[in-house]
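This report goes through selected local features of one protein model. The sequence and structure come next, followed by notes under short headings.

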Amino acid sequence: MSDLEILKKEAFKLAKQPLETHKTHYFEYDGIYIAPTSNTKQMMKLYKDCKKVLTVGSTGAIGYETLLNGATEVDLFDINNLQRLYFMYQKTAITILKYEEFIKHFTLTNQTFPLYKSMTKNLLSNELFDKLYPYLDKEVKEVFGALYDFYYSQDLILSALFRFEHTLATDYLKRTISYYNKEQYYQLQKILREEKAKITYQPCSLIDVPKIFQEKYDLIALDNILQYYETIPELNTISKINMFIKEQLANVLNENGLIQVMYGFEVETDALKEVLNFRSRKTDSQDNLEELLKKFILKNYMNKSVCAGLIKDETLYSYTIIEGVEEEHGQISDNVVLTYQKK
């Protein structure tokens with residue numbers, strides 16, 4: 001069976017299964033992220049001077065953010081081969097579509113959990129696929145074309161083919177990702193249309209990155225991959241992560257190169273603050289049970305926190321607190337970005 005036939009087979013296998021949320025394992029053929037989950041805009045402001053970048057692929061958002069910040073070469077990697085096809089699909093959309101069309105077909109005006117078909121009429125619609133079809137790569141035409149011939153987009157959206165535990169709300173994405181805003185969208189479109197920068201996408205697991213990528217980079221960005229380190233046998237302890245960073249991944253860096261090691265969401269950030277003896281952020285919550293539950297979760301999380309474990313080596317690792325993606329009681333949480341610098 002050819003690689004293309006395998007892609008089709010695996011895509012249909014997922015499309016036939018119901019939507020599954022809160023998955024923590026990632027495979028070669030797996031559910032597709034439609035949009036980023038971290039505050040990519042704020043995170044990548046920390047690395048504006050990096051010209052040659054290696055980063056987790058996903059939707060391409062981190063790579064695009066670095067292009068908007070002046071990067072000239074971006075290599076993306078992702079274990080999920082179906083995610084690579086989605087990247088190619090959305091890249092074509094950004095290159096072709098007007099901003100209003102992109103927002104219409106790649107975001108939701110309103111989103112609730114659970115998600116209902118009535119909310120997803122335009123999201124990744126059959127109409128959109130037909131419009132983009134003449135411009136798509138062969139692989140995308142073959143795999144997504146077969147899916148759209150067999151399914152309506154609303155059925156695909158609510159299947160295991162896509163991941164839907166994160167928000168696609170338009171206002172949220174405008175706040176956290178630059179190119180969901182009109183001015184930056186057209187800046188990115190111009191870069192892609194004029195091929196002003198080199199961008200590639202390689203199917204690859206994190207553990208294989210040092211073997212596959214032989215060039216040297218100013219920045220390696222991992223986003224929140226290591227949130228799931230316990231599911232990666234080669235990296236399933238903080239000690240193993242530390243050794244992998246220093247002895248393998250650092251070999252792919254230029255002198256003084258940087259690794260964005262970890263993007264930490266609220267609980268990861270709270271764990272780091274606890275280790276650093278930060279005062280807890282005040283909340284408007286009057287629910288004592290809710291606060292007790294948070295303390296219980298944090299206590300159980302402390303020993304496996306990546307940021308809290310690695311920051312002990314302050315000579316190599318540093319942290320930055322940024323505006324988070326979670327919101328509770330009208331207050332936006334803090335998130336953390338952990339950085340390693342090659343000495």
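## Gln189 and the segment it meets

Gln189 sits in helix H10, which covers residues 182–193. The model is a predicted one. Gln189 has a relative accessibility of 6% and therefore counts as buried, the cut-off being under 20%.

Setting aside neighbours within four places in sequence, Gln189 is in contact with Ile94, Thr95, Ile96 and Leu97. One of these, Ile96, is 93 residues away from Gln189 in sequence, while the C-alpha to C-alpha distance is 8.0 Å. With Leu97 there is a polar contact: the Gln189 side chain reaches the backbone oxygen of Leu97 at 2.8 Å.

## Helix H4 and its two packing partners

Two packed helices are described by the angle between their axes and the distance between the axes. Helix H4 spans residues 81–96 and helix H7 residues 138–150; their axes come within 10 Å and cross at roughly 95°. H4 and H7 are therefore roughly perpendicular to each other. On the H4 side the contact is made by Arg84, Leu85, Tyr86, Met88 and Tyr89, and on the H7 side by Glu139, Val140, Val143, Phe144 and Tyr148. By class, the residues of this contact comprise 8 nonpolar and 2 charged, with no polar ones.

H4 also packs with helix H1 (residues 3–15), at an angle of about 95° and with the axes 10 Å apart. H1 and H4 are therefore roughly perpendicular as well. Here H1 contributes Leu7, Ala11 and Leu14, and H4 contributes Asn81, Leu82, Arg84 and Leu85. The residues of the H1 contact with H4 divide into 5 nonpolar, 1 polar and 1 charged. Arg84 and Leu85 of H4 thus take part in the contact with H7 and in the contact with H1.

## Helix H3

Helix H3 (residues 61–68) is largely enclosed by the rest of the structure, because 7 of its 8 residues are buried. The buried residues in H3 are Ala61, Ile62, Gly63, Tyr64, Glu65, Thr66 and Leu67. Just after H3, Gly70 has a positive phi of about 105°.

## Buried charged residues

Which element holds Arg163? Arg163 belongs to strand S4, residues 162–163. Its relative accessibility is 5%, so Arg163 counts as buried. The Arg163 side chain reaches the backbone oxygen of Gly31 at 3.2 Å.

Glu268 lies in helix H13, residues 266–275. With a relative accessible area of 2%, Glu268 is buried. Residues up to four places away in sequence not counted, Glu268 touches Met262, Tyr301, Ser305, Val306, Cys307, Ala308 and Val336. Two of these offer backbone nitrogens to polar atoms of the Glu268 side chain: that of Val306 at 3.1 Å and that of Cys307 at 2.7 Å. Asp334 is 66 residues from Glu268 in sequence, and their C-alpha atoms are 9.7 Å apart.

## Cysteines

How many disulfides does the structure hold? The count is 0. Cys307, whose backbone nitrogen lies 2.7 Å from a polar side-chain atom of Glu268, is in no disulfide. The nearest cysteine sulfur to Cys307 belongs to Cys50 and is 18 Å away, whereas a disulfide needs the two sulfur atoms within 2.5 Å.

Cys307 has a relative accessibility of 0% and so counts as buried. Cys204, at 5% relative accessibility, also counts as buried.

How values were computed
Residues are numbered from 1 along each chain as its sequence is written. This is a predicted model: local features need pLDDT of at least 70, side-chain atom pairs count only at pLDDT 80 or more; totals for chains, interfaces and linings use all residues. Side-chain values use heavy atoms; hydrogens and water are left out. Helices (H or I, at least four residues) and strands (E, at least two) are DSSP runs, numbered from the N terminus. Buried means under 20% relative accessible area, exposed over 50%, partly exposed in between (1.4 Å probe, protein chains only). A polar contact is a pair of N or O atoms within 3.5 Å; within protein, one must be able to donate a hydrogen and the other to accept it, and residues adjacent in sequence count only if both atoms are side-chain atoms. Axes are lines fitted to C-alpha atoms, for helices over the stretch in contact, and angles run from 0 to 180 degrees between N-to-C directions. Angles under 35 degrees count as roughly parallel, over 145 as roughly antiparallel, 65 to 115 as roughly perpendicular and the rest as oblique. Contact means heavy atoms within 4.5 Å. Ala, Val, Leu, Ile, Met, Phe, Trp, Tyr, Cys and Pro count as nonpolar, Asp, Glu, Lys and Arg as charged, and the others, Gly among them, as polar.
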